[in-house]
Amino acid sequence: MKTTLKVGFISFAHGHAFSYLEGMRKHPQVQVVGIADEVKSRVEHVVDQYDIPYYEDYKELLLTDIDAVVICSENAYHYEMTLAAAEAGKHVLCEKPLGISVPEMEEMIQVCQDKGVQLMTAFPCRSLMSVIRAKEAVERGEIGEIIAIKGTNRGSNPGGWFVDPSLSGGGALLDHTVHVMDLMHWFTKSQVREVYAYAATRFNEELQVDDAGMIHVKFENGVFGVLDTSWSRPKSFPTWGDVTMEIIGTKGVVHVDAFAQKNEIFSDEDGKGSWEFWGDNMDNMMVASFVDAILAGKPVPITGEDGLRAASVALAGYRSREAKQPVALYADRAVQR
């Protein structure tokens, strides 16, 4: 069994890459041995600070003896980068959403399986203590059988390539559905079979993508879900989203506020309020779960299939918006009824 994992990073287009890098650097069994990014200015400070080899072309990084890669590129490039990594025999931790089309995601999963490498989707919210404790309460039967789940993931507009549909694949509905939809799948142990969604540009009319959305789902086990997704928060909002869930059961209700572990600070000098999160670092815990699984030769805890299921719901939401009616999901494919 390997005792050290050599990890490379492909693209820092997504800001989460910096947090994942810190998580990898803190893991005692990881060596970060390369960073590839076609835009050197994005990574120059970390390359210099930590003395990590830099590659302009990620394919050159894949020629080295690394064991795994973390992909944090624009959404549109997850597909080609994951396939290239799998062909090179490298395990993959891929930023969410896993992809921007169902066929692409299915091929990513299949190629990784064929090449004997693992594919994990970056869903760090499963590592939040409030989420873990709520899952344990549900597993103990404290609220009975789940009837419905109401969730939110509302953040601020990230700008940049996120608002370019050719690179992002969608707006807030895609960006902010996948995290909480993965949690809904995880809690219900069921898959979405019907989607009805609304998505529009409500906060910035100049955008080419939606910045507000509501997605309603029906799971195959009968559970109903609704999720409020938007980029409705101002730039001063302290996180990328306010991940919450209200899980309604036959015997009770569990409310989850994923980022409630915080200190609120009101400063006359700054002239505004702010807060500091003091809870467990979900990115560090997610990264550690990936590393530990690869080193132990065990399945990763959040698979490519999990990423496919969550993203498929968001993509079906766009179909529903165009059709102005519910659409059905069969075998992880969105099919209009």
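Exposed, in what follows, means a relative accessible area over 50%, buried means under 20%, and partly exposed covers the range in between. With 55% relative accessible area, R140 is therefore an exposed residue. Keep those cut-offs handy as you look around this structure, which is a predicted model. We'll check the confidence, then tour the sheet, one helix, the salt bridges, the cores and a few unusual backbone spots.

**How confident is the prediction?**

- The chain has a mean pLDDT of 93, and 96% of its residues reach 70 or more.
- Residues 331-337 are a weak patch, with pLDDT below 50. In the model, this stretch still has 27 contacts beyond near neighbours in sequence.

**The six-stranded sheet**

- Look for an open sheet of six strands, in the order β3-β2-β1-β4-β5-β6, with parallel pairing.
- The edges belong to β3 (54-55) and β6. Each has a single partner strand, so one side of each has no neighbour in the sheet.
- Strand β4 (residues 68-71) is joined to β1 (residues 5-10) by four bridges, and the two run parallel. One place to spot this is V7, whose bridge partner in β4 is A68.
- Four bridges also join β4 to β5 (residues 91-95), again in parallel. Here V70 has L93 as its bridge partner in β5.
- In a regular strand, side chains alternate between the two faces of the sheet.
- Both faces of β4 are covered: A68 and V70 are buried on one side, and V69 and I71 are buried on the other.

**Helix α4, tucked inside**

- Together, β4, helix α4 (residues 78-87) and β5 form a right-handed β-α-β unit.
- Seven of the 10 residues of α4 are buried, so the helix is largely enclosed by the rest of the structure.
- The buried residues in α4 are H78, M81, T82, L83, A84, A85 and A86.
- What do they pack against? The buried residues of α4 pack against β1, α3 (58-62), β4, β5, α5 (102-114) and β6 (119-122).
- After α4 comes G89, which has a positive phi, near 80°.

**Salt bridges, inside and out**

- Side chains of opposite charge can pair when their charged atoms come close.
- The count for this model is 20 salt bridges.
- One of them joins the side chains of R126 and D182, at 2.8 Å from N to O. This pair links distant parts of the chain: R126 sits in the loop between β6 and α6 (129-139), D182 sits in helix α8 (residues 172-188), and they are 56 residues apart.
- R126 also meets D306 in a salt bridge, at 3.4 Å from N to O. D306 is in helix α10 (residues 304-323), 180 residues apart from R126 in the sequence.
- Are these residues buried or exposed? R126 and D182 are both buried. D306 is buried too, with a relative accessible area of 13%, and the value for R126 is 12%.
- R126, D182, D306 and R309 are linked in a network of salt bridges.
- For another setting, go to E142 and R140, which form a salt bridge with the closest N and O atoms 2.7 Å apart. E142 is partly exposed at 47% relative accessibility, and R140 is exposed at 55%.

**Nonpolar cores**

- The largest nonpolar core has 99 residues, and F9 and M24 touch the most other members.
- Beyond its neighbours within four places in sequence, M24 is in contact with V7, F9, V30, V32, V70, V287, F290 and V291.
- Another core, of nine residues, lies apart from that one; L167, L207, V209 and W231 are among its members.

**Backbone oddities**

- Most residues other than glycine have a negative phi, and most peptide bonds are trans.
- The peptide bond from K96 to P97 is cis, with omega near -15°. P97 lies in the loop between β5 and α5.
- D51 is a residue other than glycine with a positive phi, near 55°. You'll find D51 in the loop between α2 (40-50) and β3, and D51 counts as exposed at 69% relative accessibility.
- K324, likewise not a glycine, has a positive phi near 60°. K324 lies in the loop between α10 and β15 (327-330) and is exposed, at 68% relative accessibility.

Key:
Residues are numbered from 1 along each chain as its sequence is written. Side-chain values use heavy atoms; hydrogens and water are left out. Buried means under 20% relative accessible area, exposed over 50%, partly exposed in between (1.4 Å probe, protein chains only). Two strands pair if DSSP finds at least two bridges between them. A crossover is right-handed if, with the strands pointing away from the viewer, the path from the first strand over the helix to the second runs clockwise. Contact means heavy atoms within 4.5 Å. pLDDT is the predictor's confidence in each residue, from 0 to 100. A salt bridge is a side-chain nitrogen of Lys or Arg within 4 Å of a carboxyl oxygen of Asp or Glu. A nonpolar core is a set of buried Ala, Val, Leu, Ile, Met, Phe, Trp, Tyr and Cys residues joined through side-chain atoms within 4.5 Å.
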